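Got the viewer open? Let's walk through this one stop by stop, selecting as we go.

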Amino acid sequence: MTTSTRRLGRIASAAAVALAFVGGAGLAPAFSAPAQATIPQVRGVAVVDMQKVLADTKQGQSARKKLEDSSKAKQEKLDQKRKKLEADTVKLRDMKDQQKAAQLEEQLQKDYMEMQQVYMTMQQELAQQESRVLEDIYKNCQTLIDKLASELNVDLVLVRDESTVLYVEPGLDITGELVKRYNQKYPS
C-alpha cells in the first residue's frame, strides 16, 4: 500500500466521520436536542404534622414519658453532685487551715469538672435516646403514609412545619387519620 493510498483512506475516514456529525443531508446535526422530561399531573397533595403525630400517638406519648423519666433520674443525680459542691464550697470559705483549704479547693475543681462531664454525657445520652425514638416512629409512619396516600390518590405528602409550610387548607391535613391508623397498628 502506497503512502498516497493510505492518505486517501484517512481522508475518506475523516469525511465519513464529518458526514455522520453533519447528518449527510444539509447542515442539520445527526443528534437532536434532549427530549424534555414530561412531568406527570399531580393528583393531590397532603400534609402531615409530625410534631402532632409524636404528641398524639400512644407510642409517641409513651416514648416521651420514658425520656422524661430518664431525664428526671439523671437530673436528680446531677442535683446531688451540685448540692455537694455547694456544701464543700461553703466549707472552703470557712476553712482556716491553708493546706487543707488548698486540698479541698483542688478537689472541688475536680468535682466541678466531673459534674460538667456528667452533664454533657447526660445531654448526649438523652439526645441519642430521642433520636432513636423519633427514627422508629418516622419509619412506622412512612408505611402508613404510603398506604394512606395511595387510598386518597395523593401524589405528594409534605411534612407540615412552621418554617416549611406556612399555610394549608385544613382538608389537606391528613395528620388525624395518620394518628388514628398509627394507634391501631402500633398500640404502644
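**First stop: a tyrosine pair**

Select Tyr-182 and Tyr-186: both of them are buried. Show their side chains, since the structure holds 1 aromatic pair. The ring centres of Tyr-182 and Tyr-186 lie 4.9 Å apart with the planes at 45°, so this pair counts as tilted. Keep in mind while you look around that this is a predicted model.

**Zoom out: the whole chain**

Now colour by secondary structure. You should find 5 helices and 2 strands in the protein chain. Starting at the N terminus, the order of elements reads α-β-α-α-α-β-α. If you switch to colouring by accessibility, buried residues account for 21% of the 188 residues in the chain.

**Helix 3 against helix 4**

Next, select 58-94 for helix 3 and 98-151 for helix 4. How do the axes of helix 3 and helix 4 cross? They come within 10 Å and cross at roughly 175°. That angle is over the 145 degrees cut-off, and therefore helix 3 is roughly antiparallel to helix 4. Colour the contact of helix 3 with helix 4 by residue class and you get 16 nonpolar, 8 polar and 11 charged residues.

**The largest pocket**

Stay with these helices and add helix 2, residues 50-56. Helix 2, helix 3 and helix 4 each supply at least two residues to the lining of the largest pocket. The volume of the largest pocket is about 180 Å³. To see what surrounds the largest pocket, select Gln-51, Leu-54, Ala-55, Gly-60, Ala-63, Arg-64, Leu-67, Glu-130, Val-133, Leu-134 and Ile-137. Sorted by class, the lining of the largest pocket comes out as 7 nonpolar, 2 polar and 2 charged residues.

**The second largest pocket**

Keep Gln-51 selected, as this residue is on the lining list of the second largest pocket too. Add Asp-49, Met-50, Tyr-138, Val-159, Arg-160, Asp-161, Glu-162, Val-165 and Leu-166 to complete the lining of the second largest pocket. What is the volume of the second largest pocket? About 160 Å³. The lining of the second largest pocket divides into 5 nonpolar, 1 polar and 4 charged residues.

**A backbone detail at Asn-153**

Follow the chain off the end of helix 4 and pick Asn-153, in the loop between helix 4 and strand 2 (156-159). Check the backbone torsions here: phi of Asn-153 is near 55°, which is a positive value in a residue other than glycine. Is Asn-153 buried or partly exposed? Partly exposed, with a relative accessible area of 41%.

**Val-42 and its distant partner**

Now jump back to the loop between helix 1 (3-22) and strand 1 (45-48), where Val-42 is found. Val-42 is partly exposed, with a relative accessible area of 47%. Draw a C-alpha to C-alpha distance from Val-42 to Leu-156: these two are 114 residues apart in sequence, yet 7.8 Å apart in space.

**Last stop: Val-47**

Move along to strand 1 and select Val-47. The relative accessible area of Val-47 is 2%, under the 20% cut-off, so Val-47 counts as buried. Finish with one more distance line, from the C-alpha atom of Val-47 to that of Pro-170: 9.4 Å, for residues 123 apart along the chain.

Notes
Residues are numbered from 1 along each chain as its sequence is written. This is a predicted model: local features need pLDDT of at least 70, side-chain atom pairs count only at pLDDT 80 or more; totals for chains, interfaces and linings use all residues. Side-chain values use heavy atoms; hydrogens and water are left out. On a 1 Å grid over the protein atoms alone, a cavity is a set of points where a 1.4 Å probe fits but cannot get out, and a pocket is an open set with protein on both sides within 12 Å along at least five of seven lines; lining residues have an atom within 4 Å of a point. Grid points are joined across faces, edges and corners, and a volume is the space filled by probe spheres set on the points. Helices (H or I, at least four residues) and strands (E, at least two) are DSSP runs, numbered from the N terminus. Ala, Val, Leu, Ile, Met, Phe, Trp, Tyr, Cys and Pro count as nonpolar, Asp, Glu, Lys and Arg as charged, and the others, Gly among them, as polar. Rings of Phe, Tyr and Trp (its six-membered ring) pair if their centres lie within 6.5 Å; planes under 30 degrees apart count as stacked, over 60 as edge-to-face and the rest as tilted. Buried means under 20% relative accessible area, exposed over 50%, partly exposed in between (1.4 Å probe, protein chains only). Axes are lines fitted to C-alpha atoms, for helices over the stretch in contact, and angles run from 0 to 180 degrees between N-to-C directions. Angles under 35 degrees count as roughly parallel, over 145 as roughly antiparallel, 65 to 115 as roughly perpendicular and the rest as oblique.
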